[in-house]
Amino acid sequence: MSVPTRAQAVIVGGGIIGCSVAYHLAKLGWHDVVLLERHKLTSGSTWHAAGLVGQLRSSANITQVLKYSVELYRTLEAETGLATGWKMHGGLRLACTPDRLIELKRQATTARSFGLEMHMLSPAEALKLWPVMDASDLVGAAFLPTDGQANPADIAQSLAKGARNRGARIVEDCPVTGVTRKDGRITGVETAQGAIRTELVVNCAGQWARAFGARVGVNVPLQSVRHQYIVTEPIPGLPRDLPTLRDPDRLIYFKEEVGGLVMGGYEPNPIAWGAGDGAADPPEDFAFSLLDSDWDHFEPTMTEALARVPALATAGVKQLINGPESFTPDGSFILGEAPELKNFYVGAGFNAFGIASAGGAGRALAEWIVAGEPPMDLWPVDIRRFGGPHRDRGFVSTRTLEAYGKHYAVAWPHDEPESGRPLRVSPLYPRLKAAGACFGSKLGWERPNWFAPAGVTPKDAPGFGRPNWFDAVAAEHRAARERVVLFDQTSFAKFLLVGADAAAALDWICAADTRRPPGAVVYTQLLNRRGGIEADLTVSRLADDAFYFVTGTGFATRDFTWIRDAIPAGLDARLIDVTSAFAVLALMGPRARDVLSAVTDADVSNAAFPFMSWRELIIAGAAVRALRVTYVGELGWELHVPVESAGAVYDALMAAGARHGLVNAGYRAIESLRLEKGYRAWGADIGPDHTPLEAGLGFAVKLKTEIDFQGRQALLAQQRAPLRKRLACFTVDDPTVVLLGRETILRDGETVGWLGSGGFGHSVGRPIGYGYVRREDGVDADLLRSGRWELEVAAERVKATLHMAPLYDPKSARVRG
Ligand SMILES: Cc1cc2nc3c(=O)[nH]c(=O)nc-3n(C[C@H](O)[C@H](O)[C@H](O)COP(=O)(O)OP(=O)(O)OC[C@H]3O[C@@H](n4cnc5c(N)ncnc54)[C@H](O)[C@@H]3O)c2cc1C
């Protein structure tokens with residue numbers, strides 16, 4: 001088939017992902033779509049995948065994405081007439097250690113929260129399902145009845161047929177060699193068979209997606225890694241209906257195939273694929289190809305497998321497949337519109353679960369393309385989660401290899417990556433390190449999580465129980481409540497919006513009323529058309545035509561892109577990233593004013609410097625922008641300091657604060673403090689699927705004004721009907737219970753939601769969690785006030801108390817338990 005001269009969309013790459021996007025776009029009514037494949041369909045990673053299809057992820061929406069894959073693979077053959085090899089014999093996960101068993105129990109609870117069946121099993125029950133294994137070292141297992149396996153190439157071909165049936169054109173042997181642009185917009189693609197005019201391109205080029213994106217300045221941070229598995233000859237007596245098996249303590253997985261086994265593993269010392277340091281792109285002529293089998297590297301995997309399945313010792317091995325696959329720095333795939341180029345979409349980096357993801361990821365991306373916005377909160381896989389550091393191939397490669405090596409490691413709570421650090425540091429880094437900081441890593445930034453007291457090593461110890469930093473964080477928390485602390489929040493993303501129409505642009509972009517005079521600070525959400533919360537930040541008016549945004553470290557790319565794209569056409573307003581210009585010192589606590597007034601001549605009294613305002617202060621010779629805001633529920637200021645003066649300002653504050661008991665504090669204390677005060681965290685408590693009304697943030701929305709803003713109509717419509725979900729706070733009386741998020745919420749024994757965030761409040765002395773209580777016919781005050789509330793934590797129910805008011809009130813220093 002030759003290429004057409006124009007198309008509504010061009011999909012680059014005919015692996016399972018490209019085929020799924022074509023299928024779903026056609027299903028949504030985009031019939032004029034072209035998929036171009038350099039060689040033949042499935043010739044990249046898809047043809048040699050092992051074909052296990054698991055569904056459980058740590059995000060509810062991504063789990064729904066994978067659940068949809070299963071639904072699709074069950075029914076696709078009936079629609080297209082092409083078999084997919086789908087077999088739903090379930091998925092078994094083994095536990096050989098007490099910690100792994102806790103992890104499995106927490107996963108079973110997560111699955112229950114997300115509506116996915118997952119049962120805990122005894123070793124004997126697991127053995128019944130998988131009789132060829134040696135179960136002598138098991139302490140437990142879990143079973144997901146709707147997991148399964150499929151034939152990857154057949155699914156891709158079946159999706160391609162379904163797409164063709166609905167009008168999509170699929171052209172093989174057609175490399176896409178370039179993307180043409182005019183005035184920053186896509187105008188077409190160039191191919192070996194001629195040019196195609198189009199305004200929309202979807203990059204599904206698998207391991208070549210990085211190189212293809214780079215042609216147009218789009219960063220797709222992925223790294224090819226060698227992944228090996230064996231295929232055995234038939235094993236006498238092997239049941240044909242075996243579930244897939246994951247044995248993470250031995251780092252291996254199994255799948256039945258024509259009477260034999262497929263067995264592969266995730267070695268802790270993976271090998272990147274590429275020349276030299278492994279940071280080269282795969283060759284373009286690598287089609288239906290494999291790398292040389294590496295038996296030496298596979299030996300430890302084989303040894304573990306022999307111990308689990310003794311019959312392997314006598315089974316013939318047909319082949320050791322060594323196939324490269326693209327992996328990402330955080331182990332999640334990459335979806336969405338590139339922040340660098342309008343109408344350039346990416347679906348790539350599938351981390352060896354592209355077969356399991358393809359159905360749902362293809363649908364989500366197609367819906368995103370058609371609507372111009374994601375159909376739901378897809379933040380864990382959103383391409384906008386990356387930033388500047390991910391343009392560095394060395395950093396991407398080392399983080400990716402770390403993530404691969406930890407694939408089957410126990411997912412410890414609060415785990416931090418170790419590789420590629422330190423990368424971005426605040427000017428205070430050496431001082432804080434000397435003061436005992438234990439740093440975490442966010443978007444490449446080193447951020448103090450907690451400070452180790454003398455004699456304690458500043459290092460997190462892995463575990464599911466009460467963490468080793470519990471007491472240190474408790475002390476920082478108390479210092480913030482009773483005295484004063486300093487948080488280094490330099491990593492905050494900061495943007496300037498300037499231009500004659502900047503104020504008019506904010507009218508539309510912000511849900512809160514930003515028509516305030518210079519000197520004001522406004523807390524606001526930025527909403528999508530559905531009224532969902534795309535961002536949650538502060539905006540300070542610097543002048544009539546200049547505003548200053550401050551938002552979370554991890555949201556730098558996302559929020560910048562959102563604000564930039566939301567500026568109404570024709571307005572004179574430009575957004576500039578000034579993150580690197582300012583360090584941020586947050587001085588928080590009842591004695592913050594005493595400390596601040598000691599380092600500045602300015603009047604910092606409540607009358608002169610009220611809450612939600614900013615002033616310029618001179619501290620240690622620097623012009624400091626001080627914002628009177630708080631995320632911890634105490635009197636305090638965020639001091640935005642020119643980077644070159646950060647050290648001097650820090651030293652001045654510490655010297656003046658000594659007599660008031662000023663100490664350093666870290667992000668874990670912030671979390672504990674904000675949980676008690678009920679401040680929402682974007683990505684955990686609020687996000688694109690939640691409106692301010694559902695989240696209890698209606699007070700921050702300008703519905704009472706006449707000002708139109710994005711999301712207003714959706715909120716007005718929502719006001720007319722009962723809310724179907726409402727965010728609530730839960731506490732547990734037993735202080736030893738560890739809440740991490742994703743625990744199930746039960747009312748009178750029935751599941752009504754799950755926790756988004758979980759932690760410990762050191763003033764209330766209890767575990768605290770936040771989650772939405774959901775009910776189709778409405779959640780009202782009566783429902784919340786009545787009923788018996790419980791949380792399921794690691795597969796066990798604990799009694800809980802629901803609260804709709806903050807647990808902590810600084811004015812009266814009153815604590816509700
Ligand atoms: C050994 C191994 C085992 C695996 N096991 C599993 C498993 O059990 N379960 C699971 O879910 N996943 C598994 N996977 C992962 C799965 O194979 C991949 O995630 C999936 O195939 C990725 O699909 P894709 O469409 O993104 O990439 P690909 O299949 O690689 O497709 C990309 C296509 O783009 C084409 N292309 C590139 N550049 C251009 C261009 N410029 N113009 C035109 N075409 C271009 C390529 O030729 C290629 O065909 C495994 C992977 C490996 C390596």
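Hi everyone. When I say helices and strands today, I mean DSSP runs, with at least four residues for a helix and at least two for a strand, numbered from the N terminus. Please keep in mind throughout that this is a predicted model.

With that in hand, the protein comes to 18 helices and 40 strands. Its radius of gyration is 27 Å, and the globule rule gives 28 Å for 817 residues, so the protein is as compact as a globular protein of that length. If you want a box for the C-alpha atoms, take roughly 80 × 65 × 55 Å along the principal axes.

Now to the ligand, which I suspect is what you came for. Which residues come nearest to the ligand? Those are E37, S45, T46, E325 and A356, out of 37 residues around it. By class, that shell splits into 21 nonpolar, 13 polar and three charged residues. As for where the shell comes from, α1 (16–27), β13 (223–232), β17 (317–327) and α8 (354–371) each supply at least two of its residues.

Let me point out some backbone contacts. A backbone N or O atom of G51 sits 2.9 Å from an oxygen atom of the ligand. For I355, a backbone N or O atom is likewise placed 2.9 Å from a ligand oxygen. At V176, a polar backbone atom is 3.0 Å from a nitrogen atom of the ligand. And how much of the ligand's accessible area does the protein cover? The figure is 98% of the 1000 Å² that the ligand has on its own.

Let's move to a pocket. The second largest pocket holds about 540 Å³ of space. Its lining has 28 residues, and E337, K342, G372, W562 and D565 lie nearest the pocket centre. Two elements, α8 and α13 (556–566), give two or more residues to that lining. You'll recognise α8 from the ligand shell a moment ago. The largest share, though, comes from α13, with five residues. In terms of chemistry, the pocket lining divides into 14 nonpolar, six polar and eight charged residues.

Before I finish, here are two bits of backbone geometry that you may like to check on screen. Where is the cis peptide bond? Look at the step from R421 to P422, with omega near -10°. P422 itself is placed in the loop between α9 (393–405) and α10 (429–434). Then there is N351, a residue other than glycine that has a positive phi, near 50°. N351 belongs to the loop between β19 (344–348) and α8, and α8 is one of the elements we met around the ligand.

That's my tour, and thanks for listening!

Conventions. Residues numbered from 1 in each chain as written. Predicted model: local features only at pLDDT ≥ 70, side-chain atom pairs only at ≥ 80, totals over all residues. Heavy atoms only, no water. Near = heavy atom within 4 Å. Polar contact = N/O pair within 3.5 Å; in protein donor to acceptor, adjacent residues only side chain to side chain. Areas by Shrake-Rupley, 256 points an atom, 1.4 Å probe, with all protein chains shown as cover. Nonpolar A, V, L, I, M, F, W, Y, C, P; charged D, E, K, R; others polar. 1 Å grid on protein atoms, 1.4 Å probe; cavity = no way out; pocket = protein on both sides within 12 Å on 5 of 7 lines; lining within 4 Å. Points joined across faces, edges and corners; volume = space filled by probe spheres on them. Rg over C-alpha atoms; globule rule 2.2 N^0.38 Å.
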